[in-house]
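Colleague: I should like to learn how to read the features of a model of this kind. May we go through them in turn, with the general idea stated before each case?

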Amino acid sequence: MKTPVVLLFGFGPFGGEDVNPAQDVVRELAGVRFGGQRVVPGELAVAFVGVLAALSDAIAREQPAIVIGVGQAGGRARIAIERVAINLIDARIADNAGAQPIDAVVIEGAPAAYFTTLPVKAMLSAMQSAGVPAELSFSAGSYVCNAAFFALMHLLATQHRGMRGGFIHIPYLPRQAAAHAGAPSMELGTLSKGIGIAIEAALLSDGDLRFAGGETH
């Protein structure tokens, strides 16, 4: 039986960018150990078609204890731990394969939504305690990041019930923000630190913390 690992996946550049901080963070943390478990990196194409199969293959191959996806969310100022994946694609821009589905489902016949199974408040608290700007998020959007998040949670709910997973969005890198007037950014070192802290908190937490983390709007 394989020793469990952490499967950490991200994406390459899209939308006209020449870099994706998610890809950089995954590469930075590849091979690092948290809670005694090694991070195994993975990269998904920024494309709707094939995301379910790619995740299924990676999970079957690695047999991870947890799976965490990381994606770029330009315009956000904090590392955002996602709570909900929805069964909806409504692409504002085409993916890297040229597809732009509108009002489509991620997986036919699947539920309308899935919640993450990670201890999101423990992860949030750990990052904030370390001085890393972080927040909870209630929408992963309707682009490829959400599609990957939904596909992941569907796989865990239907085929890998003992496995936990979720998704984290991160801001632009400073070099990207320089081309987007007024856009917030975060240094790669802080992004990697925050994601590492989140991974360790997820591995070491048997349950989640209980404190108010909702929104009023």
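**Burial and contacts**

Modeller: Ala47 counts as buried because its relative accessibility is 11%, and buried means under 20%. Please keep in mind throughout that this is a predicted model.

Colleague: Where is the place of Ala47, and which residues is Ala47 in contact with once its neighbours within four places in sequence are left aside?

Modeller: Ala47 belongs to the loop between strand E3 (37-44) and H2. Leaving aside neighbours within four places in sequence, its contacts are Asp95, Ala97 and Val144. A separation along the chain can also be set beside a separation in space: Ala47 and Ala148 are 101 residues apart in sequence, and their C-alpha atoms are 9.5 Å apart.

Colleague: Ala97 appears among those contacts. Does Ala97 count as buried or exposed?

Modeller: Ala97 counts as exposed, because its relative accessibility is 61% and the cut-off for exposed is over 50%. Ala97 is situated in the loop between strand E6 (84-86) and strand E7 (113-115). With residues up to four places away in sequence not counted, Ala97 touches Val46 and Ala47. The C-alpha atoms of Ala97 and Ala45 are separated by 8.8 Å, with their positions 52 residues apart along the chain.

Colleague: How should one read Pro41, and in which element is Pro41 found?

Modeller: Pro41 is part of strand E3. At 43% relative accessibility Pro41 counts as partly exposed, because this class lies between the limits for buried and exposed. Apart from neighbours within four places in sequence, Pro41 is in contact with Leu8, Val26 and Ala30. Pro41 and Gly10, 31 residues apart in sequence, are 8.1 Å apart from C-alpha to C-alpha.

**Backbone angles**

Colleague: Let us turn to phi. Which residues other than glycine have a positive value?

Modeller: Gln63 is one of them, with phi near 50 degrees. Asp103 is another case, with a positive phi of about 55 degrees although it is not a glycine.

Colleague: Where do Gln63 and Asp103 lie?

Modeller: Gln63 lies in the loop between helix H2 (51-62) and strand E4 (66-72), and Asp103 is in the loop between E6 and E7. Gln63 counts as partly exposed because its relative accessibility is 37%. Asp103, at 58% relative accessibility, therefore counts as exposed. Gln63 touches Pro4 and Val5, residues up to four places away in sequence not being counted. The C-alpha atoms of Gln63 and Pro4 are 6.3 Å apart, and the two residues are 59 places apart in sequence.

**Helices**

Colleague: What is the general idea for reading the faces of a helix?

Modeller: An α-helix has 3.6 residues a turn, so residues three or four places apart point the same way. In helix H3 (residues 120-129), the buried residues are Val120, Lys121, Ala122, Met123, Leu124 and Met127. Their cover includes strand E5 (79-82), strand E8 (134-137), strand E9 (164-170) and H6. Just after H3, Gly131 has a positive phi of about 85 degrees.

Colleague: How do the axes of helix H1 and helix H6 cross?

Modeller: The axes of helix H1 (residues 21-29) and helix H6 (residues 188-204) come within 9 Å, crossing at roughly 65 degrees. The crossing of H1 past H6 is right-handed. From H1, the contact is made by Pro21, Asp24, Val25, Glu28 and Leu29; from H6, by Leu188, Leu191, Ser192, Ile195, Gly196 and Ile199. By class, the residues of this contact are seven nonpolar, two polar and two charged.

**The largest pocket**

Colleague: Finally, what volume does the largest pocket have, and which residues lie nearest its centre?

Modeller: A pocket may be described by its volume and by its lining. The largest pocket has a volume of about 450 Å³. Its lining comprises 22 residues, and Phe14, Gln72, Ala73, Arg92 and Tyr143 lie nearest the centre.

Colleague: Which helix gives the most to the lining, and how do the lining residues divide?

Modeller: Helix H4 (residues 144-158) gives the most, with three residues. The lining of the largest pocket divides into 10 nonpolar, eight polar and four charged residues.

Notes. Residues are numbered from 1 along each chain as its sequence is written. This is a predicted model: local features need pLDDT of at least 70, side-chain atom pairs count only at pLDDT 80 or more; totals for chains, interfaces and linings use all residues. Side-chain values use heavy atoms; hydrogens and water are left out. On a 1 Å grid over the protein atoms alone, a cavity is a set of points where a 1.4 Å probe fits but cannot get out, and a pocket is an open set with protein on both sides within 12 Å along at least five of seven lines; lining residues have an atom within 4 Å of a point. Grid points are joined across faces, edges and corners, and a volume is the space filled by probe spheres set on the points. Helices (H or I, at least four residues) and strands (E, at least two) are DSSP runs, numbered from the N terminus. Ala, Val, Leu, Ile, Met, Phe, Trp, Tyr, Cys and Pro count as nonpolar, Asp, Glu, Lys and Arg as charged, and the others, Gly among them, as polar. Buried means under 20% relative accessible area, exposed over 50%, partly exposed in between (1.4 Å probe, protein chains only). Contact means heavy atoms within 4.5 Å. Axes are lines fitted to C-alpha atoms, for helices over the stretch in contact, and angles run from 0 to 180 degrees between N-to-C directions. A crossing is left-handed if the near helix is turned anticlockwise from the far one by less than a right angle, and right-handed if clockwise.
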